[in-house]
Amino acid sequence: MLALIQNVAARPSGAIGLTLTLCHVLMAVLAPWLAPYDPTMQNADAILLAPSSTHWMGTDTLGRDVFSRVIYGGRLAIAVTFAAAVVATLWGGFAGIFFGTVGGRVDEYAMRIVDAFLSVPWLLFLLLIISIGGAGPVTIIPTLGFFYGVAVLRVVRGAAMQVAARDFITAAKARGEKLWPIITREMFPNLSDILLVEGAMRWSWMLLAFSSLSFLGFGATPPTPDWGLMVAQERGLLSTAPWGVFWPCLALSSLIIGINLLADAVGKALGLDRATAIAV
Amino acid sequence: MKKSLLLSAAIAVLGAAAPAETLRIPHELGYGGSESMDPISPQRFYEAIQNVYSRLVRQGDDGRPSADLALSWEATPDAREWTFNLRPDVTFHNANAFTAEDVAFSLMRTQSEAIDSPTKGVMEVIDRVEVIDPLTVKVVLKQSHADFPLLVMDYRIRMLDAETCGNDLDALCESGVGTGPFQMVDFDPLGTTTFTRFDNYYGGTVGTENLELIAIADQDARVAALQAGQIDFIYALSAEQVPLFANNPNFTVQSVPTGRWVGLVMNTQIEPLNDPRVRKAIRMSADRDALGKLVYGKDGYITSCDHPVWSGDQYRAEIDCPRDIEGAKALLAEAGYADGLTVELFVSDISEGAVKMAEVLQNQAKDAGITIELVPAPADGYWGDVWMKEPFFATGWSQRPADQILNEAYRSSATWNETAWTSPDFDAKLDAARSELDFDKRKALYGELQKELWENGGSFIPVHLNTVRAFSAKLSGVQPVEDFSIRYEGIAKSGSDS
């Protein structure tokens, strides 16, 4: 693992990605100690102040410190989407390995169902589920996990089919090994690198999805400091108080770019080509 | 000959090229496309009805009743019979003559059980309407009402063509045929509803050739549309939106003190809000002045103590309502919530500052141990799906006279009794107030009603708003009056839309 981290950090993109991601994670964890103000503290005498030495990133329409809110703003998004990425990778990865190993008609039928889900406009479907089940993490984590898991399934299944065609799998079948041991002992170790990269990639996309939900009013609820919600609340003031939108956008995009660069570097370090997502 | 032909052709071309002035106004799509052209329907499309239909009496510049389709009116000494003298030579858009029969029809249908109009609670004071002659009508009331003209000044009490409506008092009439300055061309509440000027309008020449009502549900989108020149006018600017237009020569900003309010509503019949101590604790936890400053800016509001009657109304009661956290905690403890209370509040961007108001109250109430969980709801369809459906939700009301708002929103039988306020004593006092012919006594009764709402009611009305609107500098004739009193027929527009 240490060797992998060293390999990733040795690549320019990996170093940038690792730094950005770590910074954001640390910022989220250490927010109570880093933020100069309570992120929900309203101040009628400090509405829409421009960035200054007192408020480094200015204040919003309720006089709250934007810097403090940006620091806190990633906490919920990172936690919820990381959990959802784990869910997506686990179920999508397992199902992908299973269908890639089994093949045949079962695989064919399953892939048609997967195709059907991939053709659904996921954001609308997501909004439908959340409007029924509520906007809390209890609904959002499994919903995001399910939808992004479908795409993981597709990618992992393709890679699993190639692994399943190798001689050592044929040999294992010839030895009379059952399906479950083949999946866990033979297939999984040979696909774990793809799962890792896929998980990281889906995490970054989920961050964008979660922020979109917050922007639309279905993710974080006021007064939670959240980047998507901050953009939604201040978007009408772009021409007079752009700092309310600029800083949360910068925070969100830098984290997404960081995770993408990190995933890219991890893939290269593991000998994966992300364009095809199979071992090279 | 050739020269005159060329000249004629040039004039024809220039005439064809000259754009007809179109006044383009947004509407909030508050009923999600179910907007009705019947003025007394609960889903009334008010931006449309105020331009298509006329009232008997309209609000004058001083806020008092002034002539519209009725030129004058007088009452018997006991104020039980009111005679209205109608304007002669008025025609509907379909060329039918406007007569006293139409007035009788339009007033009596407000009491229909089948229609169940929000105006029913206010207008059920009418016993019958007698047609004296084609231009004279007498309204006989069930009880004395010293301010009856204020009731018929309601923005929904519009005069319909009885014949077009089939003389059916119990059916909605969505014909769009009125005597107003604009006649409807195309009804499309989800898109653009279009109107053209009514050449026989009794009020004189209408300022623009056409009127368009364009559905834009989101306030930020409306602001963007005005900036982009896609519309000409927007209502209800927030304090932060004002600078977008204030120093721009292409726009005019108008600020008008009004009785308009945005508030929060607690259903008085649903736990835990059915306990008046809980409701009062929530209200006492608010610092209204700080809330007003945060949400509407320091010049955008006048504080209120949850009484719906605004400071410009002669019947406004004087109530003091300072923030009292200890008092709120004591009330909560008495009600069995010594360890704190958690309630859900449904909010949407339906009126200026509604979401921010909820956020500020949420922040202030936590000092009293009250946790308010905000539940965002979509703006389009809010009035049909959330309003009066949830236990705690946001609302918005335009300016109304004291008697009207107290009857329309707090009488037990009122259709828009949004707090589900049920009190026979309150109803009896409402009757007594409107029947009282002595002004001082009447004012005292209306004052007692407002104090009762502060003590036990379900409304949280922290401030009354200065309504701020912005419009294109191409417009002239926009009067500085509250929204329901704007005379769109008097607005002219210069230049083309490009």
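## A tour of chains A and B

Select Ala236(B): this residue is buried, because 20 other C-beta atoms lie within 10 Å, and 20 is the number at which a residue begins to count as buried. The model on screen is predicted. Ala236(B) sits in the loop between strand S11 (233-234) and H7 of chain B. Its phi is near 55°, a positive value in a residue other than glycine.

**Two more loops in chain B**

Next, select Asp116(B), in the loop between helix H3 (100-108) and helix H4 (120-123) of chain B. Is Asp116(B) buried or exposed? It is exposed, since 11 other C-beta atoms lie within 10 Å, and a residue with 12 or fewer counts as exposed. Asp116(B) also has a positive phi, about 50°, although it is not a glycine.

Then go to Pro272(B), in the loop between strand S13 (261-266) and helix H8 (276-284) of chain B. Look at the peptide bond that leads into Pro272(B) from Glu271(B): this bond is cis, with omega near -5°.

**Where the chains touch**

Show both chains together. Chain B gives 17 residues to the contact and chain A gives 16. On chain B, the elements that each supply at least two of these residues are helix H6 (219-227), helix H7 (243-246), helix H9 (288-296), helix H11 (354-365) and strand S16 (370-376). Which of the elements of chain B gives the largest share? H11(B) does, with six residues. Sorted by class, the side of chain B that touches chain A has nine nonpolar, five charged and three polar residues.

Now cross to chain A and select Pro223(A), in the loop between H10 and H11 of chain A. Among the residues that Pro223(A) touches are Glu359(B), Gln362(B) and Asn363(B). In chain A, Pro223(A) also touches Thr40(A). Pro223(A) counts as buried because it has 22 C-beta neighbours inside 10 Å. The peptide bond from Pro222(A) to Pro223(A) is cis, with omega near 5°. For a sense of distance, select Pro36(A) as well: it is 187 residues from Pro223(A) along the chain, and their C-alpha atoms are separated by 17 Å.

**Chain A as a whole**

Hide chain B. Chain A has 12 helices and two strands, and along the sequence the helices precede the strands. Its C-alpha atoms fill a box of roughly 75 × 45 × 30 Å along the principal axes. Of its 280 residues, 46% are buried. Among contacts between residues at least 6 apart in sequence, 71% join residues at least 24 apart.

**A covered helix and an open one**

Select residues 66-73, which form helix H4 of chain A: eight of its eight residues are buried. Val66(A), Arg69(A) and Tyr72(A) are among them. The buried residues of H4(A) pack against helix H2 (12-29), helix H3 (31-34), helix H5 (75-102), helix H11 (227-234) and H12 of chain A.

Compare helix H6 of chain A, residues 104-118. How many of the 15 residues of H6(A) are buried? The number is zero, so H6(A) lies largely in the open. From first C-alpha to last, H6(A) reaches 21 Å, close to the 21 Å expected at 1.5 Å a residue.

Add helix H8 (residues 137-164) of chain A. The axes of H6(A) and H8(A) come within 10 Å and cross at roughly 135°. That angle makes H6(A) oblique to H8(A). The crossing is left-handed. Where the two helices meet, select Val114(A), Phe117(A) and Leu118(A) in H6(A), with Val150(A), Ala151(A), Leu153(A) and Arg154(A) in H8(A). This contact has six nonpolar residues, one charged residue and no polar ones. A turn of an α-helix takes 3.6 residues, so residues three or four places apart point the same way.

**Two buried residues to finish**

Select Ser204(A) in helix H10 (residues 179-216) of chain A. Ser204(A) is buried, with 22 other C-beta atoms within 10 Å. Leaving aside residues up to four places away in sequence, Ser204(A) touches Ile256(A), Ile259(A) and Asn260(A). Val86(A) is 118 residues away along the chain, with its C-alpha atom 12 Å from that of Ser204(A).

Last, select Gly258(A), in helix H12 (residues 243-269) of chain A. Gly258(A) is also buried, with 21 other C-beta atoms within 10 Å. What does Gly258(A) touch, not counting residues up to four places away in sequence? Its contacts are Gly17(A), Leu20(A), Thr21(A) and His24(A).

Definitions and conventions. Residues numbered from 1 in each chain as written. Chains lettered and ligands numbered in written order. Predicted model: local features only at pLDDT ≥ 70, side-chain atom pairs only at ≥ 80, totals over all residues. Helix = DSSP H or I, 4+ residues; strand = E, 2+ residues; numbered from the N terminus. Expected span 1.5 Å × (residues − 1). Contact = placed C-beta atoms within 7 Å. Nonpolar A, V, L, I, M, F, W, Y, C, P; charged D, E, K, R; others polar. Axes fitted to C-alpha atoms, helices over the stretch in contact; angles between N-to-C directions. Parallel < 35°, antiparallel > 145°, perpendicular 65-115°, else oblique. Left-handed = near helix turned anticlockwise from the far one by under 90°.
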